[in-house]
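User: Can you walk me through this one? I would like the domains and the chain contacts.

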Amino acid sequence: MEPITTIKCVDEESQISAFYDQIPEVVNNLLTFWNTKEGFEHLEPTPMPSHEAVVRIIHKARSLLFPGYFTSTKLKKSNLAYFLGQETTELYADLSQQIVLALQHDCVRRSLPCSSCRPKGHEIALRFIETLPEMEVMLTSDIQAALDGDPAAKGADEVIFSYPGLLAINVYRMAHVLLKLGVPIIPRIMTEHAHSLTGIDIHPGASIGGSFFIDHGTGVVIGETTEIGSRVRLYQGVTLGALSLPSDAGKRYRDHKRHPTIEDDVIIYANTTILGGETTIGTRAVIGGNIWLTESVEPDTKVLLKRPELAFLGRGRKTAK
Amino acid sequence: MEPITTIKCVDEESQISAFYDQIPEVVNNLLTFWNTKEGFEHLEPTPMPSHEAVVRIIHKARSLLFPGYFTSTKLKKSNLAYFLGQETTELYADLSQQIVLALQHDCVRRSLPCSSCRPKGHEIALRFIETLPEMEVMLTSDIQAALDGDPAAKGADEVIFSYPGLLAINVYRMAHVLLKLGVPIIPRIMTEHAHSLTGIDIHPGASIGGSFFIDHGTGVVIGETTEIGSRVRLYQGVTLGALSLPSDAGKRYRDHKRHPTIEDDVIIYANTTILGGETTIGTRAVIGGNIWLTESVEPDTKVLLKRPELAFLGRGRKTAK
Amino acid sequence: MEPITTIKCVDEESQISAFYDQIPEVVNNLLTFWNTKEGFEHLEPTPMPSHEAVVRIIHKARSLLFPGYFTSTKLKKSNLAYFLGQETTELYADLSQQIVLALQHDCVRRSLPCSSCRPKGHEIALRFIETLPEMEVMLTSDIQAALDGDPAAKGADEVIFSYPGLLAINVYRMAHVLLKLGVPIIPRIMTEHAHSLTGIDIHPGASIGGSFFIDHGTGVVIGETTEIGSRVRLYQGVTLGALSLPSDAGKRYRDHKRHPTIEDDVIIYANTTILGGETTIGTRAVIGGNIWLTESVEPDTKVLLKRPELAFLGRGRKTAK
């Protein structure tokens, strides 16, 4: 039996050929549509930063933060200078180019006169690279927090190589520095890339102290104006979000503090939601799982849900022996 | 000191060589297994659509929906015709080929006589491309809904480039059109690709109106027979699902309406679950977060959880000053 | 008008050139930092398994588990022997190399004398490949469980091609075998790769019986010491986790049984959390959605939440007609 894909007859071929003949008309309709379309500037947008380039920048910066980890080159103290020189130069070239694009795009969007985007982009790229040692110190504290908090962690290498929480925090720390340096668009592209890989959605505008650990992580949301102290630990599905908003919220609440403040040494268990810009969770507080919290909590407090009663139908709960 | 990877001795090499010698026997065992195995047709399956090709189709279609956004080519009105012509032709070639494979696979699976899969595949590909302008209008309304609903959104470009909600909705809108045009398998591969990237799981069979916005999105599930009106807004972790099913549910409930109906202008906050094919949420209703709802709600209703009491151990909740 | 990217003037160029001149100093600072840094061995780490190679191994093993599915080669019984021979040889080469790297890395980390990592790595790779037929039998039961449990499933091919639950289970089953064979690091890299693609986080140490089905899956967490029987079904957002831990948990609870036991034929609905190493869910129990459970349940029991009361403001709930 002949395989089905080779069934052919004159009639079929002529039908298919007729469809091909319709392509110019379809293209013409698309062209008319785009030429008369109002709304967002879908054509001739100012060149934007490239998603691929931003991902490449994340990788390059990580190879400088963890030399020897994300490279096939065999690194020793003796050849480290060459490696750092080469990687830094490449990162600088990529990053300055993308920042320039982001700055120019922003100038055009806001109809600002743009006369210094190029040198500004190069300066910011350099300032960013200069922060890498201090970022590495923060990340080392985050790695230690993972080792301290997770009994399943077998060693620092495992955390660096495979913990989604560390990846999300690492990308957030880079994006946050770029945002502080005044870079538009790129920080959000970075954190959304990490969100896509890890299910952890940290807005680059959030501010987060050292020794931060997110376990498992899928579903975590940390909003734009959240403030988190040092040595805080979160589990999967925790939302640090805004209170419910009216439907024109986009306009009215832009730039307000809308998300909570979490002080030092707080632990928040899985699937808990904490909302509101005036909500503060005090130092060393422990917030149980599956809780919905919209009020502030004093330091050294433990918040537990008085669990809703469960109904056991059938043989029921197991009694202790 | 020599690095460890080069530790070698005659004994080691002969041991390793002995393992290599065992490969033919291992292969033979695999071969015997596959040749005698019953069950799914793991061998000689009809050629299937390729995952990579489907991803390529998504990218091509997005570059036609947002010309100038996902391409490195510099687009102007003057060269737009060439760009659209080239991209449309490539999309048509890829898409018609994959649809033909999907149709043929389906015919074989259901033991139908297959005599017109090829011309049918080409026709569907053409019909799909013709719907792009109207799909673009829908997506423009979705982008505007994101700008209206999210105070952190800085502009349309940021939404197009980095919002997972828009990506998931965009892929869903393509998959839904293909499903309506009678294409098997490919729509589901498309939405599962978006699910993998965004954590948002929209079945291509769902029907969803314009100005739809999903914020954050991780954990959202929208089932096969869900109906959603216009200007609806969802947050992360919302499930629009089926009521609990017996264990042979797969057979008994296929093709029934099992998922809720959400009318126009409804807002559903984070981690709420709404279940059942007869559950209808009326126009302009607002459903709070973390709610479990299996009954219908009248229009203009606000549903809130009478929060389960919290226990505060230690210094307790903060009293207003 | 010239496009903005070409705005140039002598002054700009000299500014940019000055930034380039600062690179050597920045590199020197990085070098000094790395040369004086204490803490994790960021330099000269023992070569680690490569993430890319591990992903390639997953793909190769899946092409042996489902011959004809993940390959563009047209497979027939007549050429199957060549295909299996070729793929097995390639898988063996890749896998043995990565296992050797993982074993050597572990020896160095624990300061063990390393004299047999290479033959041991080759032997384990061979043992792993030998288990593929029995793994395929398990996966066939998992595919059947998806068809039985999901009314939206159209056929085995759709499950194999696009169900995230099956992908996560497949990768877990491979990682679990490697863990049992004594391979460090690689099993966790494998399951974190699946976690990234599916939002389903299964620790390779968990033990899981046949006919296992996870629907939708985003947010599922299955901890290291979880035991799951046969024919168990889970929905999105289910956590099988550990009870809350003190902050030095990492050290104190390593290697304890910290996660629940789920017996045969149990169903657990969406977003339910079951915690604790002594918690056992008895055979055929059904656990409703959105439940928080830290106690054991007898066989044949149905656990439901006495739903917290809802407040309906406005027109309210719909009354039955």
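Analyst: What follows goes through the domains, a sheet and the contacts between chains. This is a predicted model, in which local features need pLDDT of at least 70 and side-chain atom pairs count only at pLDDT 80 or more, while totals for chains, interfaces and linings use all residues. Residues are numbered from 1 along each chain as its sequence is written, chains are lettered from A and ligands numbered from 1 in the order in which they are written, and side-chain values use heavy atoms, with hydrogens and water left out.

User: Which domains does chain A have?

Analyst: Chain A is split into domain 1 (47-200) and domain 2 (206-321); the bounds come from an automatic or database domain assignment. Taken over C-alpha atoms, the domain centres are 27 Å apart.

User: How many residues of each domain are in contact?

Analyst: 17 residues of domain 1 contact 17 residues of domain 2, where contact means heavy atoms within 4.5 Å. The area buried between the two domains is about 1200 Å², 57% of it from carbon and sulfur atoms. Buried area is the accessible area (1.4 Å probe) that two parts lose on being put together, summed over both.

User: Which three residues supply most on the domain 1 side?

Analyst: I169(A), Y172(A) and I200(A) supply 33% of the area that domain 1 buries against domain 2, more than any other three residues.

User: And how many salt bridges or polar contacts are there across that interface?

Analyst: There are zero salt bridges (a side-chain nitrogen of Lys or Arg within 4 Å of a carboxyl oxygen of Asp or Glu). Nine residue pairs, both at pLDDT 80 or more, are in polar contact. That term means a pair of N or O atoms within 3.5 Å; within protein, one must be able to donate a hydrogen and the other to accept it, and residues adjacent in sequence count only if both atoms are side-chain atoms.

User: Switching topic: what is the strand order in the open sheet of chain A?

Analyst: The four strands are ordered 2-5-8-11, with parallel pairing. Strands (E, at least two residues) and helices (H or I, at least four) are DSSP runs numbered from the N terminus, and two strands pair if DSSP finds at least two bridges between them.

User: Why do strands 2 and 11 have a side without a neighbour?

Analyst: Strand 2 (207-208) and strand 11 (280-281) of chain A stand at the edges with a single partner strand each, so one side of each has no neighbour in the sheet. Strand 8 (residues 261-262) of chain A pairs with strand 11 over two bridges, and I262(A) is opposite I281(A).

User: Now chain B. How much area does it bury with chain A?

Analyst: About 7000 Å², 62% of it on carbon and sulfur atoms. In chain B, R118(B), P151(B) and K318(B) lose the most area to chain A, together 10% of what that side buries. Between these chains there are four salt bridges; R188(A) forms one with E158(B), with the closest N and O atoms 3.3 Å apart.

User: Which strands pair between A and B?

Analyst: Strand 14 (residues 302-305) of chain A runs antiparallel to strand 15 of chain B, joined by four bridges. K302(A) has L313(B) as its bridge partner.

User: And chain C, how many residues make the contact with A?

Analyst: 74 residues from chain C and 79 from chain A, burying about 6900 Å² between the chains. Four salt bridges cross that interface. R118(A) forms a salt bridge with E13(C), its closest N and O atoms 2.6 Å apart.

User: What does strand 15 of chain A pair with?

Analyst: Strand 15 (residues 310-313) of chain A pairs antiparallel with strand 14 of chain C over four bridges. There, L313(A) stands opposite K302(C).
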